[in-house]
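Open up the model and keep it turning while you work through these exercises. Try each task yourself before you read the solution.

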Amino acid sequence: MLHQIAFVAVIAIASCTYAADALPPYGKMTVTEELIRREIVRLGGDWESGEKPKLVSFIGDKFESRHCEMLTHVPTLEWFYVDTCTIDEFALSCLSQVHQLERLDFVECKLESKGFSLLRSNRELKEIHFESVFIPDQLMTELAKLPNLKSISFNECKGITQEQISTLKAALPNVQIGY
């Protein structure tokens, strides 16, 4: 009996593996499915259902700024996580249109600080986390203009000086700043 159960489990796993590699029978994949297959986007929920995801992650060097446009169609998005990508003014413009956004995580990203001022319109944005990112002076200036923030953290970031942190703390006295 145990051998029969093990055999059925192996067949089921093999079938799932084969099915995951195959294209769906209905033809061309949707844009979102293609991004998931290429490991560019991860969703904290089902993109196509009535229940929209609250977490979206873009990961890797296959990500392009234009992919952020899809975020404008997810009104319930609360948390955006991006890893090893370039975040430019277009991407930040798209993020500024996501009004439920509460948290941003940038990990090992190349950031263009010019567009961060666009995030001022996000009244729900409370947390921004930077990890292993180069932080230019202009970005610190732009962060100081985000009055609704409650927390900013800089983990293993480069380009930050104690003077910049002091200036940021003075500009945002109610914000918890970790570095």
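## Exercise 1: Glu142 and its partners

Glu142 counts as buried, its relative accessibility being 5%. (Buried means under 20% relative accessible area, exposed over 50%, and partly exposed in between, with a 1.4 Å probe and protein chains only.) A word on the ground rules: this is a predicted model, so local features need pLDDT of at least 70 and side-chain atom pairs count only at pLDDT 80 or more, while totals for chains, interfaces and linings use all residues. Residues are numbered from 1 along each chain as its sequence is written, and side-chain values use heavy atoms, with hydrogens and water left out.

**Task.** Find which residues form salt bridges with Glu142, and say whether Arg120 is buried, partly exposed or exposed.

**Solution.**

1. Start with the cut-off: a salt bridge is a side-chain nitrogen of Lys or Arg within 4 Å of a carboxyl oxygen of Asp or Glu.
2. Arg120 is one partner of Glu142, with 4.0 Å between the closest N and O atoms. That pair links distant parts of the chain, 22 residues apart: Glu142 sits in helix α4 (residues 137-143), and Arg120 in the loop between β6 (110-111) and β7 (127-131). (Helices, H or I with at least four residues, and strands, E with at least two, are DSSP runs numbered from the N terminus.)
3. Now check the surface: Arg120 has a relative accessible area of 40%, so it is partly exposed.
4. Lys145 also forms a salt bridge with Glu142, again with the closest N and O atoms 4.0 Å apart. Shared partners then join Arg120, Glu142 and Lys145 into one salt-bridge network.
5. As for Lys145, its relative accessibility is 36%, so it counts as partly exposed.

## Exercise 2: The other salt bridge to look at

**Task.** Say how many salt bridges a search of the whole structure finds, and which residue pairs with Asp105.

**Solution.**

1. The whole-structure search gives 4 salt bridges.
2. One of them joins the side chains of Asp105 and Arg103, at 2.7 Å from N to O.
3. Asp105 is buried because its relative accessible area is 8%, whereas Arg103, at 24%, is partly exposed.

## Exercise 3: What touches Ser113?

**Task.** Place Ser113 and list its contacts beyond its neighbours within four places in sequence.

**Solution.**

1. Ser113 is in the loop between β6 and β7, and its relative accessibility of 10% makes it buried.
2. Contact means heavy atoms within 4.5 Å. With those sequence neighbours left aside, Ser113 contacts Pro136, Gln138, Leu139 and Glu142.
3. Follow Pro136 a step further: it belongs to the loop between β7 and α4 and is partly exposed, with a relative accessible area of 21%.
4. Its C-alpha atom is 8.6 Å from that of Lys158, 22 residues apart along the chain.

## Exercise 4: Ring geometry

**Task.** Work out which pair geometry Phe106 and Phe116 have, then do likewise for Phe130 and Phe154.

**Solution.**

1. A pair of aromatic rings is described by the distance of the centres and the angle of the planes. Rings of Phe, Tyr and Trp (its six-membered ring) pair if their centres lie within 6.5 Å; planes under 30 degrees apart count as stacked, over 60 as edge-to-face and the rest as tilted.
2. The whole structure has 4 aromatic pairs. One of them is Phe106 with Phe116, at 5.7 Å centre to centre and 65° between the planes, an edge-to-face pair.
3. Phe106 is in strand β5 (residues 103-107) and Phe116 in the loop between β6 and β7, so this pair links distant parts of the chain, 10 residues apart.
4. Phe106 is buried at 0% relative accessibility, and Phe116 is buried at 0% too.
5. For Phe130 and Phe154, the centres are 5.4 Å apart and the planes are at 5°, so this pair is stacked. Phe130 is part of strand β7 and Phe154 of strand β8 (residues 151-155), so the pair ties together parts 24 residues apart in sequence.
6. Both Phe130 and Phe154 are buried. Put together, Phe106, Phe116, Phe130 and Phe154 form one aromatic cluster.
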